[in-house]
Structures are given as structure tokens and as C-alpha cells.
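Me: Please take a close look at one part of this structure, the contact between the chains. Then set it beside some of the packing inside a chain.

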Number of protein chains: 2
Amino acid sequence: MATAVAERQTGAEAAGTQAGKKWVYMFSELDEVEAYLQPKSWDDVKALLGGKGANLFEMTRLGIPVPPGFTVTTEACNAYLAHDHKFPPGMWEQEVEAMHRLEEVTGKRFGDPSNPLFVSCRSGAKFSMPGMMDTVLNIGLNDETAQGMIELTQDPRFVYDSYRRLVQMFGAVVLGVPDEPFEEVIAEVKKERGVRLDIELTAEEWQRITERFKGLVVAFAGREFPQDPYEQLELATRAVFNSWFGKRAVDYRNATGISHDLGTAVNIQMVVFGNMGENSGTGVAFTRNPITGAKELYGDYLINAQGEDVVAGIRTPQPISQLQQEMPEVYQQFLEIVEKLERHFRDMQDVEFTIERGKLWMLQTRDGKRTARAAIKIAVDMANEGLITREEALLRVQPNQVDMLLHPQFSAEVKQQAAAEGRLLVEKAVNASPGAAVGLAVFDADTAEKWGREGKPVIMIRPETKPDDVHGMIAAQGILTSRGGATSHAAVVARQFGKPAVCGAESLQINVEQRLFVVQTETATVEVREGDWLSIDGGTGEVFLGKLETQEPDFEREVELNTLLGWADEIRKLGVWANADYPKDAERARRYGAEGIGLCRTEHMFFEEERLPIVQEMIMARSKARRIAALEKLLPMQRADFEGIFRAMDGQPVIIRLLDPPLHEFLPSYDQLVQDLADLKVRLQHYHTLSEIDQALAEVRQKEDILSRVEALREANPMLGLRGDRLGVVMPEITEMQVRAILEAAVRVKREGVDVHPEIMIPLAGHVNELKRMREIVESVAKEVFGEMGNSVSYKFGTMIEVPRAALTADEMASEAEFFSFGTNDLTQTTFGISRDDAEAKFLIQYVEEGILPHNPFQQLDRSGVGKLIQMAVNMGRQARPDLHVGICGEHGGDPDSIEFCHLIGLDYVSCSPFRVPIARLAAAQAAIKNGQSQAGE
Amino acid sequence: MATAVAERQTGAEAAGTQAGKKWVYMFSELDEVEAYLQPKSWDDVKALLGGKGANLFEMTRLGIPVPPGFTVTTEACNAYLAHDHKFPPGMWEQEVEAMHRLEEVTGKRFGDPSNPLFVSCRSGAKFSMPGMMDTVLNIGLNDETAQGMIELTQDPRFVYDSYRRLVQMFGAVVLGVPDEPFEEVIAEVKKERGVRLDIELTAEEWQRITERFKGLVVAFAGREFPQDPYEQLELATRAVFNSWFGKRAVDYRNATGISHDLGTAVNIQMVVFGNMGENSGTGVAFTRNPITGAKELYGDYLINAQGEDVVAGIRTPQPISQLQQEMPEVYQQFLEIVEKLERHFRDMQDVEFTIERGKLWMLQTRDGKRTARAAIKIAVDMANEGLITREEALLRVQPNQVDMLLHPQFSAEVKQQAAAEGRLLVEKAVNASPGAAVGLAVFDADTAEKWGREGKPVIMIRPETKPDDVHGMIAAQGILTSRGGATSHAAVVARQFGKPAVCGAESLQINVEQRLFVVQTETATVEVREGDWLSIDGGTGEVFLGKLETQEPDFEREVELNTLLGWADEIRKLGVWANADYPKDAERARRYGAEGIGLCRTEHMFFEEERLPIVQEMIMARSKARRIAALEKLLPMQRADFEGIFRAMDGQPVIIRLLDPPLHEFLPSYDQLVQDLADLKVRLQHYHTLSEIDQALAEVRQKEDILSRVEALREANPMLGLRGDRLGVVMPEITEMQVRAILEAAVRVKREGVDVHPEIMIPLAGHVNELKRMREIVESVAKEVFGEMGNSVSYKFGTMIEVPRAALTADEMASEAEFFSFGTNDLTQTTFGISRDDAEAKFLIQYVEEGILPHNPFQQLDRSGVGKLIQMAVNMGRQARPDLHVGICGEHGGDPDSIEFCHLIGLDYVSCSPFRVPIARLAAAQAAIKNGQSQAGE
């Protein structure tokens, strides 16, 4: 992040010896900038001039008509901030000199009523960020030049509207006057006049408002609004500099990891007016369609209007193609310019332009924002056009944009339509879990569950969620909360279960008791009651009233996406596997491009309705013989599961993990049993007939029996208790059944002609002797099964690495295991000593919010702690067994940053949920491209 | 463990090319042995000849009268075992040849009735171990030589007694006949004769018994008792070899880590007879008093008796000093010999001797077993005498022997007295947890708890214990079981709670239903019923009937121990600090030699009776303000605690750890509250008066209030939840109060003239940012306190390292922390992913028993996993901060093996419970001595 520029400008000499330094560059002086920045890169230019400034310089060099101006560099800003808020020596003089050059170029004079020059002043840092100083337009206007302008334009209403805007913007942005009093003054005047719209106010009223605004400045800032144009300029420059350390900007930089050393530049530019008659106008345009990505000019313009009028929606703008009729020459020029810009910047451009009396001015160009679908199409198209390389195309798409295409979605049209109908209730809350969901509003988990069982789609709405709410969340189509961010309980659970979620929608006033929420939209106050239809877009954070139509994703039909992922596959070094527990998941994973199953969890099969009673029978068994009898009933069921998965993954490896969770998870909860018993005993007192009492007593005895087993299995810290391969040591018969099911299934499908590659994975091992023991069981069962069936399959034996000790002794573990799979969820829990279930609600969110942790380590792999452990384990493991196959199967396997880390440390593959397989393919390719030279390690 | 010898004898050529090899050495051939073993060490000699054999060779070289004989080497044993139980080529020929040389030396002939030679055959490995083949005496006796001996001695009773002993021993040990039938025959004959003692049987009866014994051999072994002396010899030799892989021997070697490659030697030695009249005799003696350690000859002898008669207790032996009167010349010779032996072997010797017709024969010498007290005194005395160095003296005492001196004990006199009175019920079971305990026998946990509550001391007796028994064990003074070893549940729990325990006392027949046990002592069958007094010595594994007087330890009076520990202090590199929460603990720690407090846990103070309600008030507080009000009440109490500890530790550092446990630990348990509420609600139905109902409802509301807070604080895995410094982040006011209490206390005692060195330690930190946050709080409170008090103290800021992430990022942690203290309990839990509370009962014991874990990692630090992490952290931390002070404060700080590891990786100190401070001082010195050259790491 530290650039040559940043280094050059820090240090004590900055203010002292840099007196002769050049702090100010005209837009036309890009050569000088580049000469100063030797060796120069575009990144360095942006660091010195800010992103906005750099583009203005670049456009100027390209010969594109840009209103002339100059930039005060970020170095000046840093020198100012480092030295007690004093301009560095020579800077102000250079700025004044630049104004004189601007006067020469434009033929106007700053502060001269007879031919006044007006300028805008904007901040512009290397990266655009919120909280920096907004634009101040029309600097140079004062009582005198206003008068001069009226004489020149004969439009006093325009002039006073412009003047009051300057006072308002300058007051708010530069002098720190609050916004509201300005708005109140306008409202009052409108009320006096009995009108509703600004446009209905007259020149005199705008003049009066300007005067009252000046009074507000005196009242709130304790000083007069400056009449001296140069004082306006100086104060605006200072204000931009100072805004670098504004609270919102600092918070944003902390949150996004942008360095505080960059500083901001100041851009001073001649103001041009699009509202000087029918031969003037203003507009915005994209060089390609930002919604679909189609290669077509896309935008709007207004004749005789100012920039903000286009977006204010007061008059209906014309589509950009219309300009061809109205001003064919200007349109032709515009077409050439934007084509040039796209070619030059090698990306879709979002441009602003103004036509002043028939002359086209380009005010801004920047890379255009676009939908996920457009991002993919544009990247693929541009690569096919030869404008960018395939590698660049791959880097242009955010992995999470791929995610958006693979959840049900609302089309842009549907959303635009709903918004036009005033049904957009929340425009932007936290996009906590992607996808579109439509359902009936419910305000508690029990109702959600009940309605869900009745087949009704529901959106569960809570101020925030707790573990008690999870049963309702699972039953819901989507989740909506008014509190909490991307790591809140609701967000985490939603992502875990693949439920779309919008969180932290603070504008909702939720009343859980009355089962409703109230929200103020731009146009109305809306009340939503239980049972009303809602539609939420978890990928954007939008909430709509009513039932919006969703689009099902169809991966095969996503032509551009598949093209892009095909390119990704050619480049990536990491394999991409999937976590799948059922044949249908395995099939989907394969369709989405998975190259194997990295984690098949056998316990999910245990939870299925018809199996759970048998599993409970097995757990409640008082003897090993009875336990074995129950296991024998489970065997054919497990075997059938495995057969299905093996068939789906014909030709590819399938890693099956043996039973992992503590057994009490399969029994009713202790609390529930205690409560049930207490209730039963209360009821007992009310029974009178013998048969009633007998029946109740029998029930008591049965519950007590289960309770005693639950009590025996109960643990203070179940995550660290009797689970994983510890179960296999204590009750080897469970392991034996599972291994038998796997190998019998493998032999059976092999007979059908399936190319089967089973791999048996041991959970939670922490000592090589555990692996030895498990391996003995596996080998002995294999011998039995292959003997019985007269046929064998080759299989692999490996281990999860999910406790630190396994990683620390990876060389020993590798002596028994042919493969490692890092279970990064548990490994993160044990390495941090943090239980995810407990931590997220109780302190982890606060940790992330307060910057104690840079991110939630359960979402993004903690490179310096957990990652270090993984790296050690990989190195030690491969030293002990050079052909050791290594991957990860935790939730991080689908997180792009974590995938990059896996690439860097040379894992063989990542395994993630089937839905994230395409994301992982792209992320893995990006990691390979970004780290082409440094694959050996960071 | 692999010696030159072991290496030399393995390999495929052993049997093939070693035909010319020497497998048999006469006792007089030590020079030849040494010439073969170039370079030789005493260890190599023992490895080749076994410990017993080596000593016989050595005594022979010293000119001490040892009955002549020879040794078949361990190499022969290994060659035999490696090659299908065939003697290696030439071995048997050499053994026969050695017999001929023995005949020459003794002037007798093997199997010659006219002048028969008899030999004994014994096993003898490098380390003595149980389960190896016992002695077979009188080899060479058969029908013919028996007749010859009768003619020579004119004592047919002696001859047949000897003959039947050979048949019995040979049958049992060599031919695998069970013992019982032999004993039954003798019992039958006695019954027929109506006598009770062996000695009452006649020559004819012994002859008859001998014949019946031969019949037993035919019946059980399916062959005749061999009459050929050489066949006897050959079979006995094979039996010794085979016994190396006997089950008990294998188990013992597995348990103690002795290599299976060592093999055993066979010692063949001429039998001498101490029962050849009044000028013959036999005895045993120690060169120093093995109970007190006093420098005096200690032992007994019997005139006209055989070896086993001395210990059989049939005739009362004479004290050894009596021999001076009876045989002054022999006594003088004996004195000179044992002095020579002690000087030569440089340790207290335990010798066996026989006088045959006025000639003294030394049968055996070995280092004598001794009590803990004697071990210490002998080591110190010998060092003072110049016999050994101080380093050797330090290595002669086991750290756990020091422990025994510091628990209440039975004096040796009291135990001797009780044994003389026939009250020694168990002489040696597993000494599972040291200390003496006296109490009433109880046979179940509930009774133990009930009696304990009534103030009665109890000894809890169970065949073995389970987790349900723990409440009784806690209430008991001591624990006694008939099954299980040093890692059984009973042993583990007992050590955890510091309760003396004797385990695996297999001779007890416990009948839990009838609440009694029966035990067969040497003299009687004793029945012990519930309520009878018992005394157990957990340090030795002894159990006594009745109420033995205990001695409180008095550390200052233990002169030799203090001398020894003084030497230890000069040698050790590790500091020894103590964990102490109260002033009285700190005082004791200091008396025991602690150099600082390494861990003062502030939460224990919170649990005290008068404070707990205030702590609960703080936790129940609905607002921060109320919480602060409660904390303000706690402040003066905490401050007073700290003042006391600072005064006790005047001049020494005191590390105080901020609050660590989750807050719900201070509230009633969830289960209890649910149960209480259920009960209350049942009761409510029976109330009739309004006031009763009102009162009950108020109680319900109060409980529900607590319950809701407990529910909010409840965690799935509290060990990994909101605790440690996470509390300090979420509720900084708690940290502020604690820091204030520490620093106010420090300033106050400083004003009194105390030299105070407070160190503030942060628990559970896993990320450097947590330390940054905590350090800000500490520094800001310090500034406030020092300002208010107009005085300051210097203090240190540091952290525990108890989650793997802290260790993995130790370089970052050291940038904030001035010291590290490894909390090895939690670090072991998180590194293994094992909750100790859950694991020990549910699977950890099984893991250790089945050898999956080499030892319980909560008792002995796991060097390869947890230890590796600690070593990494120390290295990284010191790189970042070269003067980083590093220690450990987990339970391992008092475990000798763990202390050695701390020494090896260069920690600054270990901190342990005050009672273990002396142990740690010794263990640290031993570590320094043993690893003088390798301190940089293993």
C-alpha cells in the first residue's frame, strides 16, 4: 500500500526543505507529473493526484475537451496535515499562479464581474471513499460577480439559485454549518408562497434566500460568508485537506484497510453551464449497459439543464440515443470520445458531460459500476474483443458476484418496476446472505416454523436473532433484521443455511408484540403486518413490499459465466472440490464444476426422520450387543447413501468422514427433558383414573430413562468432549459399521461399472496413535468385506486436521494418513479458544466492530494465526510424506481471501458447498494470477 | 536406551556368523567382558550381564567371597528369541563347559551322588522388573543325588524338603504347573497329620510329598520331572529366556518405557547352605537404616537357617549386631565387606549373605530401597562424606519423595508398631496419591458425603470409582480401591483434589452390598466393616487397620531436605515461583522457597462468602451504572487482598491475573434454578392463604429474574466463551476496578516501606489487539490512581499464553507484553481440543490405559505438541523482545518431567502450588544437571 509517493513525502524535511517543490499541476501537465514520478506507474499518478484528478489529467492528454483546471497534490495535503495545518512553503503561491494560468486559458477572470470565472473544488484521493469533502461549486460568486453574471446572462433566477447554492455548500462543507437550517429556510419561503417545488420559486425569492443563508453563516460559523474569491478558494482547499481526517473517512479506511498516509488531492476546475439555453445540456452515460452488460451506449440527458437535474427526476430525461437527432455533431463527437475513453481505460466507463452553448465538455470519467451479470458479460466480451487479456477478465469479476448469479434473483426490471410503484421499503441495508426471497411476514420463530410446516413461504423478521430463533430461520425463505451487521447471528446462520438475509435495516421500526413494522419510504409511511407479502434481496440489501417474481438460476445457461470459469480452470493451480452429504448435492456440485467430494458428513444421514429412532436406540443401548444390533439396522441405510454418492461422482474421489458429533446431539435436550418431566409431574396430580395414572407413570419412567442417558452423555464443553475419533476409540463398533457401509457400497457400485474412489477420513484426531488405532479398524474391516464379497476396491485413509496438536505433529500424522483435510471451522475455534456459537452473539461482533479483530475469523481465514499453523502442518506433512494430498473443507473453502491463502501455501484443493464451487473456481484463478511470481509463500 | 550391546547383537548374522562368539562368562571373567565391550561403561556391562549378574561379577573382582558361578549373556537371550527359540550356535556347549569349570572351582560334581554340586538359576535383566522368571534353587537334585546328600548330611528331612522345593519351583516356573495343587498337597498332608506348620512335618512326609509333587508334574506338564541335571539346567535356561516375553514383563516394560530389545541374562550359581548346623546361618542387611537414613548397619540373621526362613517369620531373627557376639570373626569380615561394597557402589547397599560351616558367602548386593526421608538423608550424608558429589546427591532423590515429606505422614515408628501388631492389611498397592489419611470406612459416595458433612473423617472404599463417585471422594480424607493403577479414575481424581489414595489393592475382597471388605494378611483374615477405622498411606501404598497417628510436616525442621534444596538452588537455572491467591498461601510459598508469585487468581477472592452476593449483584446489574456501583463495593475488598499478598512477598514480584472465569460461574446453576422453579410451582398449587401465595409468587419472580440472566450468560462451551480478557473488552469497568485495586494496594504498602513489584497479567488473550486494548485501560487507570495518590509504583504488564493463537503470534504479543506466562492447563485443552472435565472420565483414562496417549497430558506436559508450541512462542517472543520474561503457571509447573522441559527450552521460571515448590526446586536442579550440555534445546 505504501507507494513511492507516500514514502517521498513523509519525513521531517517535508515542510522545511521542500520550498522549491511543485505542489500544483495544471491538468495539462501530465508530462511533468510523470517526470517527477520516476519510475512512474498509473498507481503512482493516482497516489499523487487522486483518482479523480488523474483521470482529468489523462483525459486532457487524450485531447478530450475537459473544462480546464489544476490539482493540488496529495503531497501538499500530507505536508499540511503533518505540519500543524500550515500550507507547505510555496503551495498557496503556486495555487494562485495556477488560477492565473486558468484565467489565461479560459479568457475569464476570477472575481471579475465583467467576465467572471467560476470554479468547482473537489476532494480526490487515490481511492474514492465516503466521508471526504463534497463538491463546492461556483466558487468565485459573490455579490459583485453575481451582479456581473446577471448582466451577462440576463437570468437573475439562475444566478441567485447558483449563489445560494454556493453559500449553502460552502457553509455546510467548509464552515461547518449544519444542513437543516438551510433546508428550513427554503421550506419556510415555499410555505409563505404556498408552492411545493424549488422550480416554482422566483429570482427575488432566491435572492432573499441567499441573504438569509448568509445570515445563517454568521449565526452558526461566527463569521461573514467570504466575499473575496481567493479567500473562498483558500478555505475550500483547507477544508478538503482537513476532511482527510474526518471521522467517517477514518472509520472507512480502518474498515477497508486503506492507509491513513495517502492524503487527498484538491481538484479546482472551471465551472461550465448546461443551462444556458436550448443549445446547452447535460447528461450521464455508460459505455455499455450496466445492467445486462450488452455492448450499447446507455444513459440520459436533458437540454438546458444542470448536472443534478438529470438525476433529480423533476423533468424526464431523454435517452442518450435521442441526442443524435437533436445535436448530431455533438453526438458524433461524444461517441468518438467515449469509445476512445473505453479503449484507453480498458473498462466500461461512466461519464458525465455538459454541453455549454453547443460545446461538449467532458466533466468526469470513471470505471462504471455494474450488476454481477453485467460484470461477467463485459469481462468476457472485452477479452473476446481483445481489449483485455483473459487474466484481466478474470480479475474484473468479484467472486461474490458469481454467487449472486447462482441464487434465485429478482431481475433488474422487476425491481425497477417495484421501485417505480413505491414498493421499495429499504434501499440499502446489510446484504448479509445473497439471494432473493419472497414470503409472508412473520415476527417470531414459532409462527415461522408453524407456517413453514403448513407450506407457506415466510420471511422471518426480528430486531435481531438468537439461537432460540434458529428453528424459525430454517423454516423461513428469508430473514430480515433491523439490527446487526454481516457477522450478526442472523447473518451467520442465514449464510450457513443458504437463506437470503437482509440485516441491520435500521429504518424499520419493528414491534414484535403487535406483529408489525413501520417504515418511512421516500414517499410514504408503510406499515407491514404479519401475513403481508415481502420480497427481500439478500445480495443487495433491498426490501420490497409485495410478491416480486424471482428468477431461478440456471448455471448451464449462464454462457458468459461458464466461459469465464472455463478460463479460470485453465489458470488455477488449486483443485476445487465440494462438501456434499447427499447424492443430489453431489450431482449439483459436479454440474457446478467440482472435481471431487472433499467432505461427506455421515452424521447428517443419522438425523433423517426414519433413522433417528434407530440412532437413538443405538445410543440408549445398555450393552455392546444391543448397540451392535441397532448399528446393523443402520448399515444398509448408510450403504445406500454412499452408493448414491459414488454413482454421482463416478471417476472422481469421494472423501467420507466418519461420525463426528457428540452422541447427545441425537437425543432430546436435557433442558427439554427436565421441563417435560416437571410438567408431567404437575399433571399427575390431576389424574384420577388408574389407567390415566399408569400411563403417565410409564411416560415418566421412559423420560427418566432417556434423561439418565442424556445426563451421562452430558458435557461441560461438548465441542471438546467425546466426539470425532474419540467415539471410534470408545465404541469401535460404530466405526466398524461405517467403514463396512462405505466399502460394501464401493464394491457394489464397482460391479455396476462405476469408477469409484472412496477415501475414509478420521475426524478430530490429535495424536498419531489415534490414527493408528483407526487404521487398524479400517484395514481389518476392509479385509473382511473384500473377503466376503470376493472383490475389492482401492481406498485411501486420511485425517482431518482440526485441532492444533494435529497440525503441530503433522509429520507424525502423515506417517499414517495419506491425505490431510483442514477442518478450518474447528481449527479456528481451538486455535483462538473461541466457541463460535457462543462468541458470535456475545463478543465476536463487538471485536470486529471495534477493530480488535480485523475480520470474523470464521468467515475469512486468520492467516497470521490459524494460517500459520496450517502452513506449518503442510510443510511438515509433505516432508514426512512427499505425495501427501492436502486440502481444506471448512467454510473458508468458499471464501476468496481464504482461497488465495490456500493457493499461496500450496494446498492441492479447497472443498466448499456446491453453490460456492463456481466462486472458488474463479477465486482460485485470481489467486494464481495475482501471485504468479510468489507461489512459494508470501 | 539403545546401547552398544543391544546394537551389536541384533541383525541377521546373530545366529549365523557368531558361532565363535562367547555367550557365557564365569563370574571371575569381568576383564574378558570389559575387553569385549570396548568402549565399556557400567551401563554396557549391566546390559550384557543383567544388573544382578554384573554385581556378582563386580563383587567377585573385589575379592568378596561370592559362591562361584557364571552368566549366560543377554545377547544369547536375544539371539535365542530372534531365531525361533533355538540356542545360538555354541552357547549350550559353553554353558556345559562353564559347569565343568564350576566343578573344578568347587571341587564338587554336578549330578555326582558322592559329592554333588547344586546350582541356582535366576533371571537378571538390565533393569529389575516384575514378571520375569523366579529363582529355581537346588538344580542338580534328583533321586540319586538326594540319596547321596542324605548320606553326606545325615539329614533326610532337609534333603527331601530341598528336593520337594526343586520339584515345586521347577514345576511351577519351568514347566508351567499351577501353584495351587502343590500347596493343596502340603495342606492335605498336614491335615492328615493334624499339624499346622511345615516345620512339624517329618522327613518321611516330605519324601511322600516329593513323590506326589512328581505326580503333579506328570499330570499337569505331561512329562516326568527330569532326573538328568543337565536337562534341568537346559530347561531352566530356556525358561528364563522365554520369561522375557511373559505378559506381566511386557506390560511392565510398556508402562515404564523400558525397551523390549534388552533381553535377560541367566545367572547360574553354586548353592550354599546356611542350615548346616550352629556354625551356619543366613541373613539380610542394609548398610544404612533404610527408614531413617541413619548411618548404621541394619538387618537380621538366623543361625542354622535358609534364606527364606529369615523373612518367613517362623523363628524370630536376631538383629545383625548380635552376630558380633556369636561369630566375631565372621562379623568383622562382614563389616569390612559391606563397607567396601557401599564405597564401591557409592550407594546404600542391601545385601544377602549365608554362613556355611563358618564360611561367609555374599549372595547378592544391590542398591537398597529406602523411605523418602532416608533417601534424602543418605544422599546428603554421602555428599558430606565425600562419597558422592552434590550433583549426584541431588539426582539420588526423586522429586516425588520430597512431596511425601510435605504431606501429613505416618512416622516410620508408628507404622512399624502397627505392623508388629498385625494391623498392616496391605503392604504394597499402587501409591496413587501421596499423604496419610485416617478415617472411617465407607463403601459408597453418598454415605461418604453424608458422614463428611457431619464432620466425620472417612476413607472411601470402592472396587473402582466412576464420575458419580466424585462427590464422595471430595468429602473423604482418602480413597482406597481394589482395582486400577496410577492412572485410574480414582488416582487421577485423588491427585486432582490432593486426597491421599491407595489404588489397585487387589488382595481386598470388597463387598459393596454388605459394606465390608475381607483381606488375608500374613497372619490372619481380617474383615473391615463400614464405620471401622482405617489408615492409608498414599505415598507407599500401605493400608492399616485402626487409627494411626499422623505427623504434620514441618518444612523448616527438615534439615537434610533444606540442605539438599539449598544445593539445588545453587545449581538450577530455572526460577521457582508459586501460584497463590491468599496471603497465607503466599507466606507458605515463600517459606518453601518460592522467589515470586507467578499466578494470583483474583476470581477465588470473588467466591468468598461475604463477597459472592456483591459479585452477583454486579452480574445481575441491568445497567453499566449499577454494575459500577457493585464494583465499587468490591474494590476495597480486593485491595485489602492484594495488600496482604504484597506484604508477604516484600521484595519479590507478584503476578496478578485479572478476572478469568465466565460470569455464570458466580450464579446458581441453570439446572438448579429450573428445578427450583418447577418445585415452587408445584408447591404453589397447595397454598391457600393470600400471603403464602404472594410470598411464593415473589420468590418465583426473583428466581425467574436470575434464571433469565443465567440463560443470557449460558454457553454451549463455556471454556471457549465469554471469559478472560474478553470480559475486559465487553465490560471494561471490571478490569478498571481490578487494576485500581492492584495499584492502590501497591501504593499503600509502598508507603509502609514494602518493596512492592506488581505485575498485571491478562488472561486468555489470543490477538495482540486485545493486549493493546487492555494496556490502554491499565495505563489510564494507573495514571488516575498515581495522580490521586500523589505517588506511583513501577509495574509490569504481561499476558498469559493459553490459546494456541497467542503462541503462534508470540512475536506480536511480545510487542505489547513484558512477560509471558504459559497457562498450560488451558493451552493443553485447546491444543488437543480436549475439555479436561469431560475427557478424564469419558475417554482420557482409556486413552492412557490403551497407550493411545503415553501419559495424561494434563499431568505431564505433552512435549511434542503443546511443548513444541511453547518453544516456538518463547523463541518468537524473545526475538521480538529480548528481555521478555517467560514462565509457566499451569499445573505442570510442579511436575518434574515438565519442569525438565521448561529448563530445556530456557524458560525463566516455573510457578506451582506452594506445596510443590520444594519439588520444583529439586526437579529444576536435576534438569540442569542432566542436561548440562544440552540446554539450548533437545
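Reply: The chain contact comes first, then salt bridges, then helix packing.

This is a predicted model, so local features need pLDDT of at least 70 and side-chain atom pairs pLDDT 80 or more, while totals for chains, interfaces and linings use all residues. Side-chain values use heavy atoms, without hydrogens and water; residues are numbered from 1 along each chain as its sequence is written, and chains are lettered from A and ligands numbered from 1 in the order written.

**The interface**

Chain A and chain B bury about 4900 Å² between them. Buried area is the accessible area (1.4 Å probe) that two parts lose on being put together, summed over both. Carbon and sulfur atoms carry 55% of it. A:Leu720, A:Arg805 and A:Lys842 supply 13% of the area that chain A buries against chain B, more than any other three residues. The contact (heavy atoms within 4.5 Å) takes 56 residues from chain A and 56 residues from chain B.

**Salt bridges**

A salt bridge here is a side-chain nitrogen of Lys or Arg within 4 Å of a carboxyl oxygen of Asp or Glu. Chain A and chain B share 4 salt bridges. The side chains of A:Arg805 and B:Asp862 meet in a salt bridge, at 2.7 Å from N to O. Over all chains, the whole structure holds 144 salt bridges. A:Arg61 pairs with A:Glu34 in a salt bridge, with the closest N and O atoms 3.0 Å apart. A:Arg61 lies in helix H4 (residues 42–61) of chain A and A:Glu34 in helix H3 (residues 30–36) of chain A, so the pair ties together parts 27 residues apart in sequence. Helices are DSSP runs (H or I, at least four residues), numbered from the N terminus.

**Helix packing in chain A**

Helix H8 (residues 156–174) and helix H10 (residues 203–221) of chain A pack at about 20°, axes 8 Å apart. Axes are lines fitted to C-alpha atoms over the stretch in contact, and angles run from 0 to 180 degrees between N-to-C directions. H8(A) is therefore roughly parallel to H10(A) (under 35 degrees). By class, their contact has 9 nonpolar, 4 polar and 4 charged residues. Ala, Val, Leu, Ile, Met, Phe, Trp, Tyr, Cys and Pro count as nonpolar, Asp, Glu, Lys and Arg as charged, and the others as polar.

Helix H5 (residues 74–82) and helix H11 (residues 229–243) of chain A cross at roughly 80°, their axes coming within 10 Å. H5(A) and H11(A) are therefore roughly perpendicular (65 to 115 degrees).

Notes: Helices (H or I, at least four residues) and strands (E, at least two) are DSSP runs, numbered from the N terminus. Angles under 35 degrees count as roughly parallel, over 145 as roughly antiparallel, 65 to 115 as roughly perpendicular and the rest as oblique.
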